[in-house]
Amino acid sequence: MKLDTKAIRYLTPEDWRVLTAVEMGSKNHEIVPTPIIAQISGTRSGVHRCISALAKVGLIAKVKNAKYDGYRLTYGGLDYLALNTHRKSSTIFSLGNQIGVGKESDIYVVASDTGSRLVLKIHRLGRISFRTVKANRDYLRNRASGSWMYLSRLAAMKEYAFMQVLRREGFPVPEPVGQSRHTVVMEFIDSFPLRQIDSVPNPAKLYAELMELIVRLARVGLIHGDFNEFNILIKEERVASGKKKAAPKEASEPQQESEDAPKADPSIKLTPILIDFPQMLSTTHTNAAFYFDRDVACVKRFFLRRFKYESDEPGPFFADAIKGSDLTKRLDVEVEATGFSRKMAKELEKYIEAVGIDNEQEGELGEQDEEVEYEDDENEEDDEVENDEEAEDHDIEQEEIPEDPQVDDPKLA
Ligand code: ADP
Ligand code: MG
């Protein structure tokens, strides 16, 4: 599923209200009945026209059900709603190239209103290769599309919440800029993933920095959980002049293997920046030691394979790391208090455990082997909509419907 913003400029304010209504109705209905869409949107007379328009461009899809027909939001619809929110909050002005396809995310370069380069990460949980997943196939397959969207929202919320506290505490992570639904906007790091770096002037130094980062995280109650060469971006700076090294030619496409990837040059300072936080976990997790050791082992393995470097020192060990904990600073506890609740964490964790982590495929551009049916492609949409019955009273949590956007604004198109 690709982000396709062609239709965004043609949507009328009513279309946006109806799209928002389908999203709101989805909280209580897997398939949102038309009368409910009309009721929430408050656009009774024009609702059928809007529904047709939205279904035609694939932002909602008609679903026939034994009891009633109705509509559900598609990933495309969710993308539009998120982009619209970022646009209205002046977070995103224009959309640039896609720079990454993670296993379960799409990464775009975007520009802010002030022209700075940012990254838009769109979470797409459920889009994984199931070839490697033996257990839990059914758990994964039998989910409705709405539940994937819900999990994707949780992933984005969690990622953003962690980035905020990590950044505040001075950890080397991109600055978080905004979050809406299943998306996170953050600072663009002009860098290469460690995975693309063939040699470094001082592997021992970089290794020590990374291990120190793992230990520092544990001291504030956190384990990254996927601390590997794909999720460590290496920023390079010239030491002598204090100036940044000229950007490599492919700087806007750090995913692609490039001949310009940094070579060992002692005058260049390498700074590791950590990304990708949806699987982050607390040091109080039952299997915390296992995940901590796995993060450490990932770095060890990579340094041995790539740089032929092996540290003389054993560890670091989980028990030692948490001995040095700062009891006044528990970021795991803090994040839980910010709205990303324990219940949400559990739901997301169940999914992450079912899927497991498969480093080999992550971060590679390329086709996925086997995808979960997102259903967005099955076009059940047709223009004829049944007569509205009088909308019953449903206990729908009324949320503020966003103001009408400037739909004639082509910036995001
Ligand atoms: P996933 O969860 O799918 O693994 P990541 O957050 O790890 O997604 O991002 C995938 C890739 O996108 C990274 O390996 C990196 O190349 C690129 N990327 C992600 N965030 C940034 C950023 N803030 N700046 C520059 N590149 C980024
Ligand atoms: Mg990643």
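# A walk through the model

Helix 3 is followed by Gly58, and the phi of Gly58 is positive, near 80°. I'm starting with that small detail so that you have one spot to find on your screens. Before we go on, please keep in mind that what we have here is a predicted model.

Let's stay with helix 3 for a moment. The helix covers residues 47–56, and it is mostly covered, with seven of its ten residues buried. Which residues are those? They are Val47, His48, Cys50, Ile51, Ala53, Leu54 and Ala55. And what lies over them? The cover includes two helices, helix 1 (13–25) and helix 2 (34–41). It also includes two strands, strand 2 (60–64) and strand 3 (69–73).

Strand 3 brings me to a glycine, Gly70, which is found in that strand. Is Gly70 buried or exposed? Gly70 is buried, because 24 other C-beta atoms lie within 10 Å, and 20 are enough to count as buried. Leaving aside residues up to four places away in sequence, Gly70 touches His29, Ile31, Val32, Pro33, Thr34, Val63 and Asn65. For a sense of scale, look from Gly70 across to Pro172: the two are 102 residues apart in sequence, and 46 Å apart in space from C-alpha to C-alpha.

Now let's step back to the whole chain. The protein has eleven helices and 13 strands. It runs to 413 residues, and buried residues make up 41% of them. How do the contacts spread along the sequence? Take the contacts between residues at least 6 apart in sequence: 74% of those join residues at least 24 apart.

On to the sheets, and I'll show you two of them. One is an open sheet of five strands, in the order 4-5-6-8-7, and the pairing is antiparallel. Its edge strands are strand 4 and strand 7 (176–180), each of which pairs on one side only. Going from one strand to the next, the twist averages 25°. A helix packs on this sheet too: helix 4, residues 75–88, touches strand 6, strand 7 and strand 8. The direction of helix 4 makes about 135° with that of strand 7.

Let's zoom in on strand 7. Although it is an edge strand, strand 7 is mostly covered, with four of its five residues buried. Its partner is strand 8, and the two pair in the antiparallel sense over four bridges. If you'd like to trace the pairing yourselves, Gly178 has Val185 in strand 8 as its bridge partner, while Gln179 stands opposite Val184. Strand 7 and strand 8 make a hairpin with two residues between the strands, and there Arg181 takes a positive phi near 50°. So we have now met positive phi values at Gly58 and at Arg181.

The other sheet is also open and antiparallel, and it has three strands in the order 9-11-12. Strand 9 (192–193) and strand 12 (268–274) are the edges, each pairing on one side only. Helix 7, residues 203–219, packs on this sheet and touches strand 11 and strand 12. Its direction makes about 25° with that of strand 12.

How many bridges hold strand 9 to strand 11? There are two, and these strands run antiparallel, with strand 11 covering residues 232–238. One bridge matches Phe192 with Ile234, and Pro193 has Leu233 as its bridge partner. On its other pairing, strand 11 meets strand 12 in the antiparallel sense over seven bridges. Within that pairing, Glu237 stands opposite Lys269.

Finally, let's look at ligand 1. Which residues come nearest to ligand 1? Out of the 24 residues around it, the answer is Gly100, Gly102, Ser105, Ile189 and Asp276. Several strands give two or more residues to this shell: strand 4 (94–101), strand 5 (105–111), strand 6 (117–123) and strand 8 (183–187). You'll recognise those strands from the five-strand sheet we just walked through.

What kinds of residues make up the shell? By class, there are twelve nonpolar, six polar and six charged residues. And in terms of domains, the shell draws at least three residues from domain 2 (79–187) and at least three from domain 3 (192–355).

That's my tour. Thanks for listening, and do turn the model around on your own screens.

Methods
Residues numbered from 1 in each chain as written. Chains lettered and ligands numbered in written order. Predicted model: local features only at pLDDT ≥ 70, side-chain atom pairs only at ≥ 80, totals over all residues. Near = placed C-beta within 6 Å. Nonpolar A, V, L, I, M, F, W, Y, C, P; charged D, E, K, R; others polar. Domains from an automatic or database assignment. Buried ≥ 20, exposed ≤ 12 C-beta atoms within 10 Å, placed from the backbone. Contact = placed C-beta atoms within 7 Å. Pairing = 2+ DSSP bridges. Axes fitted to C-alpha atoms, helices over the stretch in contact; angles between N-to-C directions.
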